[in-house]
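Open the model in your viewer and keep the selection tool at hand. This tour goes from one stop to the next and says what to select at each.

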Amino acid sequence: MLFLIILILSFVGSLFLPWWIVAIAAFLGALLVGKKSGQAFLSGFGAVFFLWVVLALIKSIPNDNILADKVVQLFPLPHNWIWVLAVTGVVGGLVGGMAALSGVLMKKIFT
């Protein structure tokens, strides 16, 4: 349930607002329906990871991954555009996971 709430809020917010709206969406989702800290972190991480990887694929596939291939050359990673997707997903997932964890811990403080 929390996974879907964070995923939907993040997707709708990311259509119109800056990238950091996923943190606010994860925080609010966990604040409203989160129950356990571990579950909140994993839901936030998973939802934002999935969303950012899918959105990156939607942007990257039509141009035959040209930009992703050039970006991966800037980092000490194997030269494959999949690594850019992985790093993008992990960074977004950590933002979402930490925000959801903060939301559920804030809820525990006031209850």
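Start by selecting Ser43 together with Leu2, Phe3 and Ile6: leaving aside residues up to four places away in sequence, these three are what serine 43 touches. Bear in mind that the model is a predicted one. Serine 43 sits in helix α3. Is serine 43 buried or exposed? Its relative accessible area is 10%, and because the limit for buried is under 20%, serine 43 counts as buried.

**The helix around it**

Now select the whole of α3, residues 37-60. α3 has 24 residues, and the distance from its first C-alpha to its last is 34 Å, close to the 34 Å expected at 1.5 Å a residue. Colour the buried residues of α3, among them Ala40, Ser43, Gly44, Gly46 and Trp52. Which helices do the buried residues of α3 pack against? Show α1, α2 (21-33), α4 (66-72) and α5 to see these partners.

**The nonpolar core**

Next, select Ile6, Ala40 and Ala100, the residues with the most contacts inside the largest nonpolar core, which has 14 residues. α1, α2, α3 and α5 are the elements that give two or more residues to this core. Of these, α3 gives the most, with 5 residues.

Stay on alanine 100 and add its contacts. Not counting residues up to four places away in sequence, alanine 100 touches Ile6, Ala26, Phe27, Ala30, Ala40 and Gly44.

**The nonpolar surface**

In soluble globular proteins, nonpolar side chains tend to be buried together. For nonpolar side chains on the surface, select Phe3, Leu4, Ile8, Phe11, Val12, Leu15, Phe16, Leu17, Phe50, Val54 and Ile58, which make a patch of about 1100 Å². Which helix gives the most to this nonpolar patch? It is α1, with 7 residues. Both α1 (2-16) and α3 supply at least two residues each.

Pick out one of the patch residues, phenylalanine 11. Phenylalanine 11 belongs to helix α1. Its relative accessibility is 35%, so phenylalanine 11 counts as partly exposed.

**Last stop**

Finally, select isoleucine 82, in helix α5 (residues 82-110). Isoleucine 82 has a relative accessible area of 41%, so it is partly exposed. Add aspartate 69 and draw a line between the two C-alpha atoms: they are 8.8 Å apart, while 13 residues separate isoleucine 82 from aspartate 69 along the chain.

Technical notes: Residues numbered from 1 in each chain as written. Predicted model: local features only at pLDDT ≥ 70, side-chain atom pairs only at ≥ 80, totals over all residues. Heavy atoms only, no water. Patch = residues over 30% accessible without salt bridge, like charges linked within 9 Å, V, L, I, M, F, W, Y side chains within 5 Å. Areas by Shrake-Rupley, 256 points an atom, 1.4 Å probe, with all protein chains shown as cover. Salt bridge = Lys/Arg side-chain N within 4 Å of Asp/Glu carboxyl O. Helix = DSSP H or I, 4+ residues; strand = E, 2+ residues; numbered from the N terminus. Buried < 20%, exposed > 50% of the residue type's maximum accessible area, 1.4 Å probe, protein only. Expected span 1.5 Å × (residues − 1). Contact = heavy atoms within 4.5 Å. Core = buried A, V, L, I, M, F, W, Y, C linked by side-chain atoms within 4.5 Å.
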